[in-house]
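Reader: I have this one open on my screen and would like to go through it with you, if you have a moment.
Author: Gladly; let us look at it together.
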Amino acid sequence: MAKDAVHKAHQRLRAHFGERQQWWPAQTAFEVLVGAVLTQNTAWTNVERAMARLLERDWLSAPAIIEAPEAALAECLRPSGYYNVKARRLRAACERWIELGEENGLRAMAPEAAREALLAVNGLGPESVDDVLLYGLQQPVFVVDAYTHRIFHRMGLAPARYHYHRLQAFFHERLPADARLFGEYHALIIELGKGFCRPRQPRCSACPLQSICQTGRSVT
Ligand code: SF4
C-alpha cells in the first residue's frame, strides 16, 4: 500500500513538474560538498554568490580553501550568512576531503563507510553528507529533508516521530536503488514543499497528490 503510494507520488510529481534530472546546480562532487556546507540556513542564491566569490579568487578547490587566510575566507563567504562558522566548517570539510582521497577515494568506499567518514566533519549532518553522496558521487542514498518529513507525514505514510535514517529507510525499502531516481524524487519533493505543501495553509485543493494524501482528502 505505502509502496504503491510512494511510486504513485513520484509519478504524479513528475507529471506535474516535469523531469528534474541534473537538479543539483554544481559541476563537480567537490562543488556539491562546498554547496552542502554553505546552503545551511540560507537560500541557494546566496550560496551561488559565495561560490562565485570563491571562484573569482581561484579558491574553489580543497587545497586553496585550506591555504586561504581564515579572515579572508570568511569575508569571501559573507553572502552565505554565518560566514565565520561556515569558513571553519568548509576548511574542516576540505581537510577531510583530502584525507579521504577526494572524489576517487570516496567513490572507492561503500556508501555507508563514505557517509560515516564525512559525518565526522563538524557541521556536516546526515542531509549534507547524503547530498554529497547522491548528487556528487551518484550513490543511491535517498536525501531526506524537512519537506520530505512534512509531506509524507501529511500523506499518512510516515509518522512524525520518524528520525532521518528511519524515513530514509522508508524510501530505500520501497524504491529501487537508483541514484537518478532518488535525485529526481528529492528535487520534486522540494518543488511540492515550496509550492504546495507549505508549513501553513497547504494548497491541498490544487496539489497533484491530493487524491492519494490523507490530509488532502479531508479538504473539501
Ligand atoms: S494534499 Fe495538501 S497536505 Fe497533502 S501533500 Fe498536497 S499540499 Fe501537502
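Author: Before we talk about classes, a note on terms: Ala, Val, Leu, Ile, Met, Phe, Trp, Tyr, Cys and Pro count as nonpolar, Asp, Glu, Lys and Arg as charged, and the others, Gly among them, as polar. Please also keep in mind that this is a predicted model.
Reader: OK, so by class, what does the shell around the ligand have?
Author: The shell around the ligand has six nonpolar residues, together with three polar and one charged.
Reader: And which residues is the ligand surrounded by?
Author: Among the residues around the ligand are Cys-197, Cys-204, Cys-207 and Cys-213, and the surroundings also include Arg-154, Phe-196 and Pro-202. The ligand takes up the space of the largest cavity.
Reader: Switching topic, how is the protein divided into domains?
Author: Domain 1 covers 2-22 + 143-217, whereas domain 2 covers 29-136. In their contact, domain 1 takes part with 11 residues and domain 2 with seven residues.
Reader: How much area do domain 1 and domain 2 bury between them?
Author: The two domains bury about 720 Å² between them, and 64% of that is on carbon and sulfur atoms. On the domain 1 side, Val-143, Tyr-164 and His-165 lose the most area to domain 2, together 51% of what that side buries.
Reader: How many salt bridges between domain 1 and domain 2?
Author: The count there is zero.

Note on methods. Residues are numbered from 1 along each chain as its sequence is written. This is a predicted model: local features need pLDDT of at least 70, side-chain atom pairs count only at pLDDT 80 or more; totals for chains, interfaces and linings use all residues. Side-chain values use heavy atoms; hydrogens and water are left out. A residue is near a molecule or strand if one of its heavy atoms lies within 4 Å of it. On a 1 Å grid over the protein atoms alone, a cavity is a set of points where a 1.4 Å probe fits but cannot get out, and a pocket is an open set with protein on both sides within 12 Å along at least five of seven lines; lining residues have an atom within 4 Å of a point. A molecule sits in a cavity or pocket if more than half of its atoms lie within 2 Å of its grid points. Domain bounds come from an automatic or database domain assignment. Contact means heavy atoms within 4.5 Å. Buried area is the accessible area (1.4 Å probe) that two parts lose on being put together, summed over both. A salt bridge is a side-chain nitrogen of Lys or Arg within 4 Å of a carboxyl oxygen of Asp or Glu.
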